[in-house]
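Me: I'd like to learn how to read burial and ring packing in a model. Could you walk me through it?

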Amino acid sequence: MGAEPVPVRTIQHPLVEDSLTRLRDRDTDTDGFRRHARLLSLVLALEVLRDLPTRAVRVESPLEPVQGGRIDRPVIFVPVLRAGLAMLDAMSGFVPGSKVGFVGLERDEETAIAHSYYEKLPAQLAGAETVILDPMLATGGSALAAIDALTRNHATAIRLACIVAAPEGIEAVQSAYPRTGILACAVDRSLNERKFILPGLGDFGDRYFGTV
Ligand code: PRP
Ligand code: URA
């Protein structure tokens with residue numbers, strides 16, 4: 001019998017709902033889209049690393065010694081180019097010493113099948129928390145290719161942070177990689193015939209980079 005997949009997590013919060021609604025709104029301009037993509041990425045950063053281990057450290061406050069904690073595991077962010085770059089600055093800003101790898105994937109406009117055009121990953125993936133950043137999980141083809149790349153390079157703990165996920169993509173990732181946890185701001189209804197997420201927010205990369 002196959003392993004039970006790690007359940008998908010979503011974030012219920014009025015500010016997340018507000019930002020996500022602004023991203024969905026076709027009248028939101030590029031600046032507004034960037035601002036709310038960044039805000040959602042900050043929330044995702046906190047949530048996706050919620051169980052990151054810490055080690056006890058003692059520091060001196062201006063008043064007295066105090067016991068605190070420091071992150072105790074390497075963290076590697078892996079944005080899926082191009083749209084994953086939208087999440088990188090907010091995410092990596094939270095985690096001191098985090099490293100970054102890149103996976104370049106682009107869906108064919110006709111078939112929606114992603115092809116790989118770039119890969120550059122840090123040497124030490126084993127033992128690190130690797131977090132794939134991709135705002136849209138549609139068919140799951142891009143996420144699977146990114147997880148395949150990390151697995152080939154000996155990553156042992158892989159998570160996926162997205163802004164919007166479709167049931168089809170979730171099912172694809174969970175079937176192939178049941179131990180990969182998926183965190184999303186929202187799980188949408190389905191895909192259309194062109195494999196775009198419904199209701200979704202359109203083409204994330206085009207809206208974020210202003211290439212529409
Ligand atoms: C988009 C998105 C994901 C992918 C999701 O990228 O950013 O990477 O599609 O679709 P999938 O789950 O069906 O693979 P796209 O290929 O449009 O490239 P871009 O990031 O350069 O815009
Ligand atoms: N990529 C996007 O940017 N949007 C979708 O709806 C699906 C894939």
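Reply: Happy to! A residue counts as buried when its relative accessible area is under 20%. This is a predicted model, and in it Tyr208 has 15% relative accessibility, so Tyr208 is buried.

Me: Which residue forms an aromatic pair with Tyr208?

Reply: Phe209 does, in an edge-to-face pair with 5.0 Å centre to centre and 75° between the planes. Phe209 is partly exposed, at 29% relative accessible area. Arg34 comes in here too: its charged end sits over the ring of Tyr208, 5.7 Å from the centre.

Me: How many aromatic pairs does the structure hold?

Reply: Three. One of them joins Phe33 and Phe204 edge-to-face, 5.0 Å centre to centre with 65° between the planes. That pair links distant parts of the chain, since Phe33 belongs to helix H2 and Phe204 to helix H6, 171 residues apart. Phe33 is buried at 0% relative accessible area, and Phe204 is buried at 2%. Ring pairs tie Phe33, Phe204, Tyr208 and Phe209 into a cluster.

Me: Now helices, please. Why do residues three or four places apart point the same way?

Reply: An α-helix has 3.6 residues a turn, so residues at that spacing share a direction. Try helix H4, residues 141-152. Its buried residues are Ser142, Ala143, Ala146, Ile147, Ala149 and Leu150. Down the axis of H4 they fall within an arc of 155°, so they line one face of the helix.

Me: What follows H4?

Reply: His154 does, with a positive phi near 75°.

Technical notes: Residues are numbered from 1 along each chain as its sequence is written. Chains are lettered from A and ligands numbered from 1 in the order in which they are written. This is a predicted model: local features need pLDDT of at least 70, side-chain atom pairs count only at pLDDT 80 or more; totals for chains, interfaces and linings use all residues. Side-chain values use heavy atoms; hydrogens and water are left out. Helices (H or I, at least four residues) and strands (E, at least two) are DSSP runs, numbered from the N terminus. The expected span of a helix is 1.5 Å times one less than its number of residues. Buried means under 20% relative accessible area, exposed over 50%, partly exposed in between (1.4 Å probe, protein chains only). The arc is that of the directions from the helix axis to the C-beta atoms. Rings of Phe, Tyr and Trp (its six-membered ring) pair if their centres lie within 6.5 Å; planes under 30 degrees apart count as stacked, over 60 as edge-to-face and the rest as tilted. A charge sits over a ring if NZ of Lys or CZ of Arg is within 6 Å of the ring centre and within 35 degrees of the ring normal.
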